Amino acid sequence: MIRKGRIVFAVALTTLGLGLTACNDGEDEATGQESPSASAPASPAPSSDSPSAEPSDDASTAPSGEVAAPGTKFKVGDRAVLPFKYGTSKKGTVAVTVTAIEKGAEADMAPFGDKAKGMTPYYIRMKVENAGGTDLSYSSLRLRGKLAGGAPTGVILIGDLPGKCDSETAPRDFTTKGASYETCSLSATKTGPIAAASFEEGDAYSDSPVLWTN
């Protein structure tokens, strides 16, 4: 698999020395988190962390094949069809199946440096399918970890942990309906455990994300 984004961003990390930061807007300020900054070994380009509203308790699971409405709740193992846009030219529909939300060990965070001390990593593993058949080659999709109730963790990670949580880019042939690949989103917390994986791409979903829980 080609990982052009990872190579380019690895160079940026060497120059800027950025790899770990805290989210200090909206709800994150209320968590009182520190603002750590450290270098990561390699990574795909990050997306911004938008404040998210807790989905309503009566949010229902979307029928298979239908686009999931903002605020829909799923269980790990469920498949959710979602609108997807990458960059300025790639747009389509993907189906995301979160296969696991795994807790790592604090020692796994060593590549991020001293400012990652006290953080527990979580590995959000998923399968991504091209549900619409448009050209989404070389795109990447990231899910974010959330605390119980959908609260943000207060930490944004830029990077991955090779061999433990590898963030993959869609392959060149991710252009036809049914094409798929597997990837992992790295998240971390200094407070409570991560209880959900969150899709919050686009205005509607940033306000009311789709969540997967165990």
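How many bridges pair strand β4 with β5, and in which sense do the two strands run? The close-ups below, all from a predicted model, start with that pairing.

**View 1. Strand β5 and its partner β4.** The answer is 9 bridges, with strand β4 (residues 90–103) and β5 paired in the antiparallel sense. For a spot to zoom in on, try I101, which stands opposite I124 in β5. Strand β5 itself covers residues 120–130, and 9 of its 11 residues are buried, so call this strand mostly covered.

**View 2. Strand β5 meets β8.** Strand β5 also pairs with β8: the two run antiparallel and are joined by 10 bridges. One of the matched positions is M126, whose bridge partner in β8 is T183. While you're looking at strands, remember that in a regular strand the side chains alternate between the two faces of the sheet.

**View 3. T120 and the residues around it.** T120 belongs to strand β5. Is T120 buried or exposed? T120 has a relative accessible area of 19%, and the cut-off for buried is under 20%, so T120 counts as buried. Skipping the neighbours within four places in sequence, T120 is in contact with K103 and G104, and also with S187, A188 and T189.

**View 4. The largest cavity.** There are 2 cavities of 30 Å³ or more in the structure, and the largest has a volume of about 90 Å³. Its lining takes in 14 residues, and R144, G145, T153, V155 and S187 are the closest to the centre. Which strands each supply at least two residues of this lining? They are β6 (144–147), β7 (155–157) and β8 (180–189). As for chemistry, the lining is a mix of 6 nonpolar, 4 polar and 4 charged residues.

**View 5. F174 and Y181, ring against ring.** Searching the whole structure turns up 4 aromatic pairs. In one of them, F174 and Y181 have ring centres 5.2 Å apart and planes at 85°, so this pair is edge-to-face. Both partners are tucked away: F174 is buried, with a relative accessible area of 1%, and Y181 is buried too, at 5%.

**View 6. F199 and Y205, another aromatic pair.** Why does this pair count as edge-to-face? The planes of the F199 and Y205 rings lie at 75°, and anything over 60 degrees is classed that way, so the label fits. The centres of the F199 and Y205 rings are 5.4 Å apart. Here, too, F199 and Y205 are buried.

Key:
Residues numbered from 1 in each chain as written. Predicted model: local features only at pLDDT ≥ 70, side-chain atom pairs only at ≥ 80, totals over all residues. Heavy atoms only, no water. 1 Å grid on protein atoms, 1.4 Å probe; cavity = no way out; pocket = protein on both sides within 12 Å on 5 of 7 lines; lining within 4 Å. Points joined across faces, edges and corners; volume = space filled by probe spheres on them. Helix = DSSP H or I, 4+ residues; strand = E, 2+ residues; numbered from the N terminus. Nonpolar A, V, L, I, M, F, W, Y, C, P; charged D, E, K, R; others polar. Buried < 20%, exposed > 50% of the residue type's maximum accessible area, 1.4 Å probe, protein only. Contact = heavy atoms within 4.5 Å. Pairing = 2+ DSSP bridges. Phe/Tyr/Trp six-rings, centres within 6.5 Å; stacked < 30°, edge-to-face > 60°.
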